[in-house]
There are 2 protein chains.
Amino acid sequence: MSKLVVVGTVAFDAIETPFGKTDKILGGAATFIGLAASHFNTEVGLVSVVGGDFPQEYLDMLASRSMNTDGIEIVKEGKTFFWSGKYHNDMNTRDTLITELNVLADFSPVVPENFKDAEVVMLGNLHPAVQLGVLEQTPDAKLVILDTMNFWMDSALELLHEVIAKVDVITINDEEARQLSGEYSLVAAARKIHAMGPKYVVIKKGEHGALLFHNEEIFFAPALPLEEVFDPTGAGDTFAGGFAGFIAASQDYSFENMKRAIVYGSNLASFCVEKFGTERMQTITKEEITTRLEQFQKLTSFNIPS
Amino acid sequence: MSKLVVVGTVAFDAIETPFGKTDKILGGAATFIGLAASHFNTEVGLVSVVGGDFPQEYLDMLASRSMNTDGIEIVKEGKTFFWSGKYHNDMNTRDTLITELNVLADFSPVVPENFKDAEVVMLGNLHPAVQLGVLEQTPDAKLVILDTMNFWMDSALELLHEVIAKVDVITINDEEARQLSGEYSLVAAARKIHAMGPKYVVIKKGEHGALLFHNEEIFFAPALPLEEVFDPTGAGDTFAGGFAGFIAASQDYSFENMKRAIVYGSNLASFCVEKFGTERMQTITKEEITTRLEQFQKLTSFNIPS
């Protein structure tokens, strides 16, 4: 079985949407990525840090879904990273209310010995210096996937470029792609980002789906049109986790297979938004994923007789 | 050969985009719809009104592209409808600078005798009273397609509902679908609009593609990701025209065929935005449409072995 290293936050989130609000619940990029990737036949190793306030039951839940949590450092005297945000009525925009870095401020990632030979490495959204630290420990990776955000473009652009130059796949959203490239057209943006290093550029457009660029080829996976979006938190990470998990399990790094991986990413993300936080991600079954895959296939398939 | 009646504006547009600006050029919903529909094997009859200031060469151009212009009334002493708009830098939003109704203010549409038995009727964006007037003259239509906009929802909602109840297909954009239904989710919006009459609801999302709803089924056609969007004016009408032209030519009103029609609509719209006004629509060749169709097929096709 292949191995997939996932580095990112394991955190507390407090979320407010038009449908309600939560106290501190389980969140974090690595959590969502791991929960999505765990649906595929690959060994997932989480690399992160939490404080002494992080409930053992959360770690047990991750382990019970066959994730290896040895790489989650526990800083007993510290507090877990905490993010709080409030979504606007359109659910597409949000305000960050609180960001407490806590133990994340001094995080130095340690990849467990038996994951240093992982085939696939997923660098979840974190300081580029931390992402570089993980890359140094996983020199045998056949595919490195990077997720990042505008915050690092504003605050650590040089280091971010260093990471971007070393990865095979980058996943960012449309606004971030525009910021990173200085191009408004996503086709032009992808071309410029391509030239920064990554052979594959994935641009996430939220409810409008995702684009995969590779050389002059483009693939588009729609998001599933949903009756109701309850909480978008973690959808982008879930998308990346589904993508990484599928790719790692199949060990096929071709463009054709990347297309399938994008569809699986979109598939899993469509579940994530149905409930608060990780709630829905903890209950999905293989049958539900298969049924939804059929919906994705029907959604865009058409046949024009030539 | 089947017949397609197209009612809508034939107009002058003056457009400003980040790439430049035009004087008064040929525009109007019926013009764009007709130019798109004329690529399919159906007889297109335009129903509209222009003033004495409307150049004969424009009418000749339409006729030369095998459109019947007998239904375009010329009010010698009147002036042609004029619209002027300026696009913002993102090209997705625009300000209307000038709207001069002119001869449109008293327009009473007359469908030419030999088009009263048309199989397909495309009601382009116009006052709902005018659209109803056309429906009364085309009682044998097998498929009626309606395009409308928020302006009529604000100013003539009751009459608009009367039209909506009589049509088979409605095409509106996402914001308009939300306004008309009072629902934010497009799935919920489509369900409510469905209940107002139309068996098929097409929601246009501009650069994010288009959704086709029919009972509980959904089909999605992406927009082609473009290197550069030069002028979005008329793209929605071109989409509707490609849709209507394909459906009329094939005379197949099934859901499967509507999917193909949506893809052709998206195909033609992708050309429209490449130049100012109708410029690009006047030069497209059959080969270009076929090549772009292949791009559309590659864009969303994936294969997941079961």
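Trainee: At what angle do helix H9 and helix H10 of chain B pack?
Mentor: This is a predicted model, in which local features need pLDDT of at least 70, side-chain atom pairs count only at pLDDT 80 or more, and totals for chains, interfaces and linings use all residues. Residues are numbered from 1 along each chain as its sequence is written, while chains are lettered from A and ligands numbered from 1 in the order in which they are written. Helices (H or I, at least four residues) and strands (E, at least two) are DSSP runs numbered from the N terminus, and axes are lines fitted to C-alpha atoms, for helices over the stretch in contact, with angles from 0 to 180 degrees between N-to-C directions. H9 (residues 255-272) and H10 (residues 286-300) of chain B have their axes 10 Å apart, and they pack at an angle of about 115°.

Trainee: Which residues of H10(B) are met by residues of H9(B)?
Mentor: Two residues are in contact if their C-beta atoms, placed from the backbone, lie within 7 Å. On the side of H9(B) stand Val263(B), Ser266(B), Asn267(B) and Ser270(B), and what they meet in H10(B) is Ile289(B), Arg292(B), Leu293(B) and Phe296(B).

Trainee: How many residues of chain B are in contact with chain A?
Mentor: Elements of chain B that each supply at least two residues to the side touching chain A are helix H7 (186-195), strand S14 (217-221), H9 and H10. The partner side in chain A has 24 residues, and the number in chain B is 24.

Trainee: What relation do the two chains have?
Mentor: Superposing chain B on chain A, by least squares on the C-alpha atoms of residues with pLDDT of at least 70 in both, takes a rotation of 180° with 0.0 Å of shift along its axis, at an RMSD of 0.0 Å. That is the relation of a two-fold axis.

Trainee: Is Ser66(A) buried, exposed or partly exposed?
Mentor: Ser66(A) lies in the loop between helix H2 (56-64) and strand S6 (67-75) of chain A, and its phi is near 55°, a positive value in a residue other than glycine. A residue is buried if 20 or more other C-beta atoms lie within 10 Å of its own, exposed if 12 or fewer, and partly exposed in between, with C-beta atoms placed from the backbone. Ser66(A) has 13 other C-beta atoms within 10 Å, so it is partly exposed.

Trainee: What ipTM does the model score?
Mentor: Chain A averages a pLDDT (the predictor's confidence in each residue, from 0 to 100) of 96. The model scores pTM 0.94 and ipTM 0.91.
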